[in-house]
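Student: Could you walk me through this model, one question at a time?

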Amino acid sequence: MSVLSWLLDLLYPPKCVLCRKLLTGKGPVCPRCMDKLPEFDGAAPSVRFTSGGAVSFFYEGQLRESFLRFKFGGAAFYAQTYGAWMAHTIRDKLAGKFDVLTWAPVSRARKRKRGYDQSTLADAAQRRANVSGAYRAEQPERFAGKRVLIIDDIVTTGATLAECSRTLLQAGASDVVYAAFAAPRKQD
């Protein structure tokens, strides 16, 4: 451990990404929270214009609160932890199913407000209408004939992912799959 790391840990002790209690061991999450992570199980939500997808977690409890701190509370440093978790999911569930990856972009206004890009209407029809025609493929030749993986944060109705996928297929992609950090648990 460098002197600078030691000093920073002394001044700003590391806290669990989920419960925000002081960490006593290694890693960004305390053992208690790690045991309670709401890992997504079952089939990923069906999204139009994609051939499949993978989701890391259910969007609930402390994980949801943590993600809201990341998305709206300036906790951009959580991205390293979330990214590692998503990489594990992608490796396990989507390996060999994509050639290139991209992400669902955030609007310029939201990016300006948050200060960084990461990836909320309630009704599914409103969501579809809101994103219809909102995206275009930058350098479409990069996607021609390729299998594309789209990364997004939360998949609820799938409207954003569907519109991004439709745009990529129109740009010449041969197939589109997605990976999302979380999805709400379906209410029966």
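Here come some questions and answers on the fold, the core, two helices, the salt bridges, the cysteines and the surface.

Tutor: Before we start, this is a predicted model, where local features need pLDDT of at least 70, side-chain atom pairs count only at pLDDT 80 or more, and totals for chains, interfaces and linings use all residues. Residues are numbered from 1 along each chain as its sequence is written, and side-chain values use heavy atoms, with hydrogens and water left out.

Student: Okay, in what pattern do the helices and strands follow each other along the chain?

Tutor: Helices (H or I, at least four residues) and strands (E, at least two) are DSSP runs, numbered from the N terminus. The protein chain has 7 helices and 4 strands. Read along the sequence, the pattern is α-α-β-α-α-β-α-α-β-α-β.

Student: How much of the chain counts as buried?

Tutor: Buried means under 20% relative accessible area, exposed over 50%, and partly exposed in between (1.4 Å probe, protein chains only). The protein chain has 188 residues, and the share of them that counts as buried is 38%.

Student: Which element gives the largest share of the largest nonpolar core?

Tutor: A nonpolar core is a set of buried Ala, Val, Leu, Ile, Met, Phe, Trp, Tyr and Cys residues joined through side-chain atoms within 4.5 Å. The largest one holds 29 residues, and C16, Y82, W85 and F181 touch the most other members. At least two residues each come from β1 (53–58), α3, α4 (79–94), β3 (147–154) and β4 (175–183). The largest share, 5 residues, is from α4.

Student: How far apart are the end C-alpha atoms of α3, and which residue just after that helix has a positive phi?

Tutor: The expected span is 1.5 Å times one less than the number of residues, so the 12 residues of α3 (residues 61–72) should span 16 Å, and the end C-alpha atoms agree at 17 Å. Buried in α3 are L63, S66, F67, R69, F70 and K71. Just after α3, a positive phi of about 80 degrees is taken by G74.

Student: And which residue with a positive phi follows α7?

Tutor: For the 12 residues of α7 the expected span is 16 Å, and the end C-alpha atoms sit 17 Å apart, which agrees. Its buried residues are A159, L161, A162, E163, C164, S165, T167 and L168. After α7, phi is positive, near 110 degrees, at G172.

Student: Why are R166 and E163 about one helical turn apart, and what is their N to O distance?

Tutor: Both lie in helix α7 (residues 159–170), and they are separated by about one turn because they are 3 residues apart. An α-helix has 3.6 residues a turn, so residues three or four places apart point the same way. R166 is partly exposed at 24% relative accessibility, while E163 is buried at 8%. They form a salt bridge (a side-chain nitrogen of Lys or Arg within 4 Å of a carboxyl oxygen of Asp or Glu), with the closest N and O atoms at 2.4 Å.

Student: Is the pair K71 and D153 buried or exposed?

Tutor: The side chains of K71 and D153 meet in a salt bridge, N to O at 3.0 Å. K71 has 13% relative accessibility and D153 has 8%. Under the 20% cut-off, K71 counts as buried, and D153 also counts as buried.

Student: What acidic partner does R185 meet in a salt bridge?

Tutor: R185 lies in the segment after β4 and is partly exposed, at 38%. Its C-alpha is 9.5 Å from that of T156, though the two are 29 residues apart in sequence. The salt-bridge partner, 2.8 Å away from N to O and partly exposed at 27%, is E60.

Student: How many disulfides does the count come to?

Tutor: A disulfide is a pair of cysteine sulfur atoms within 2.5 Å. C19 is buried, at 17%, and its sulfur is 3.7 Å from the closest cysteine sulfur, in C33, which is too far for a bond. The count of disulfides is 0.

Student: Last one: what is the area of the nonpolar patch with L7 in it?

Tutor: Patches are made of residues with over 30% relative accessible area and no salt bridge: like charges are joined within 9 Å, nonpolar side chains (Val, Leu, Ile, Met, Phe, Trp, Tyr) within 5 Å. L7, in helix α1 (residues 3–11), is partly exposed at 37%. Areas come from the Shrake-Rupley method with a 1.4 Å probe; for residues, only the protein chains shown count as cover. Together with L10, L11 and Y12, L7 makes a patch of about 460 Å².
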